[in-house]
Amino acid sequence: MIKHRLKAAVAAVAFLASAPAAYADITLNNTITGEPLNLDDAPPDGRDVAGFKEFMQTGKNPYVGNKDCLAKGEELFNGACSGCHGHLAEGKIGPGLNDAYWTYPGNATDKGMFETVFGGASGQMGPMYNSVNVDEMLITMAWVRHLYKDDPSKAEWLEADARKALKPYDGSKPPAPGPDAPQECRMGG
Ligand code: HEC
């Protein structure tokens, strides 16, 4: 009996201890107004994907630098963004996303760019959640980062080491996803 109760107590404590971590999500704010963004404004698709959950814990886009996700990112970008931002994100109706200049400096961080893609900015830049789901937004953003052509030292979204190793985009096609590619980055699915 006592043993049982002890077990239950231990389980309860373990649950309580783990609970804060599970809810320690980052907060997201509208790029223009600073108002909190509500994920429930978007369709639920993509919310349960490991990559998106990790982003909500860390504020870092886990797809950045993952070669297996570049092809998917290119496909998504060409479907949802390139019409306004240009094929290489060089700028068209919307500003270039492949250089070190940002209208909203927060876009040099993963969290900031997600806030813009999810919540929109001004004019033609509306919320993108009806074109790409929340996890696909991150995969698309990783392709945008891959297209970067400017000074590596201004690649704020990377840690110092990765910044040093960064090579500006050379125009090459992304490799086909390998066998270990996350499900979300496989092509034709
Ligand atoms: C219908 C046209 C249109 C589409 C589609 C579109 N954008 Fe935009 N985007 C714009 C315009 C116009 C702006 C400038 C808005 C502003 O300055 O407030 C912009 C701004 C941005 C910015 C901020 C740039 C800065 O300098 O701070 C980012 C990041 C961005 N878009 C990413 C994306 C991504 C990623 C997609 C695809 C998922 C996308 N956009 C789709 C038109 C578009």
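Start by selecting helix 2 (residues 50-58) and helix 6 (134-146) together. Their axes lie 8 Å apart, and the packing angle is about 80°. Axes here are lines fitted to C-alpha atoms, for helices over the stretch in contact, with angles running from 0 to 180 degrees between N-to-C directions. That angle is why helix 2 and helix 6 count as roughly perpendicular (65 to 115 degrees; under 35 is roughly parallel, over 145 roughly antiparallel, and the rest oblique). The helices themselves are DSSP runs numbered from the N terminus (H or I, at least four residues; strands are E, at least two).

What you have open is a predicted model, where local features need pLDDT of at least 70, side-chain atom pairs count only at pLDDT 80 or more, and totals for chains, interfaces and linings use all residues. Residues are numbered from 1 along each chain as its sequence is written.

Now show the side chains where these two helices touch. On helix 2, pick Gly 51, Phe 52 and Phe 55; they meet Val 134, Asp 135 and Leu 138 of helix 6. Contact means that two C-beta atoms, placed from the backbone, lie within 7 Å. Coloured by class, this contact has four nonpolar, one polar and one charged residues. For the classes, Ala, Val, Leu, Ile, Met, Phe, Trp, Tyr, Cys and Pro are nonpolar, Asp, Glu, Lys and Arg are charged, and the others, Gly among them, are polar.

Stay with helix 6 and hide helix 2. How many of its residues are buried? The count is 13 of 13, so helix 6 is largely enclosed by the rest of the structure. Buried means 20 or more other C-beta atoms within 10 Å of a residue's own, exposed means 12 or fewer, and partly exposed is in between, with C-beta atoms placed from the backbone. Try a distance between the end C-alpha atoms of helix 6: they are 19 Å apart, which agrees with the 18 Å expected for 13 residues at 1.5 Å a residue (the expected span is 1.5 Å times one less than the number of residues).

Next, click on Glu 136, which is in helix 6. Glu 136 counts as buried because it has 27 C-beta neighbours inside 10 Å. Leaving aside neighbours within four places in sequence, Glu 136 is in contact with Gly 46 and Leu 76. Gly 46 is 90 residues away in sequence, yet the two C-alpha atoms are 7.2 Å apart.

Leu 76 takes you to helix 3 (residues 70-80), where the buried residues are Leu 70, Ala 71, Lys 72, Gly 73, Glu 74, Leu 76 and Phe 77. Their cover includes helix 4 and helix 6. The axes of helix 3 and helix 6 come within 8 Å and cross at roughly 100°. So helix 3 is roughly perpendicular to helix 6. The residues in this contact divide into eight nonpolar, three polar and three charged. On the helix 3 side they include Leu 70, Phe 77 and Ala 80, and on the helix 6 side they include Ile 139, Trp 143 and His 146.

Now bring up the ligand. Which residues come nearest to it? Of the 26 around the ligand, they are Cys 81, Cys 84, Gly 94, Ala 121 and Met 125 (near means a C-beta atom, placed from the backbone, within 6 Å). The shell has 15 nonpolar, eleven polar and no charged residues. Helix 4 (82-85), helix 5 (110-119) and helix 6 each supply at least two of the shell residues.

From the ligand, go to the loop between helix 4 and helix 5, where you will find Ala 89. Ala 89 is not a glycine, but it has a positive phi of about 60°. With 24 C-beta neighbours inside 10 Å, Ala 89 counts as buried. Pro 95 is found in the loop between helix 4 and helix 5 as well. Pro 95 is partly exposed, with 19 other C-beta atoms within 10 Å. Its C-alpha is 8.2 Å from that of Cys 84, eleven residues away in sequence.

One more stop is Leu 158, in the loop between helix 6 and helix 7 (160-165). Leu 158 counts as partly exposed, with 19 C-beta neighbours inside 10 Å. Not counting residues up to four places away, Leu 158 touches Arg 163 and Leu 166.

Finally, zoom out to the whole protein chain, which has seven helices and zero strands. Buried residues make up 28% of its 189 residues.
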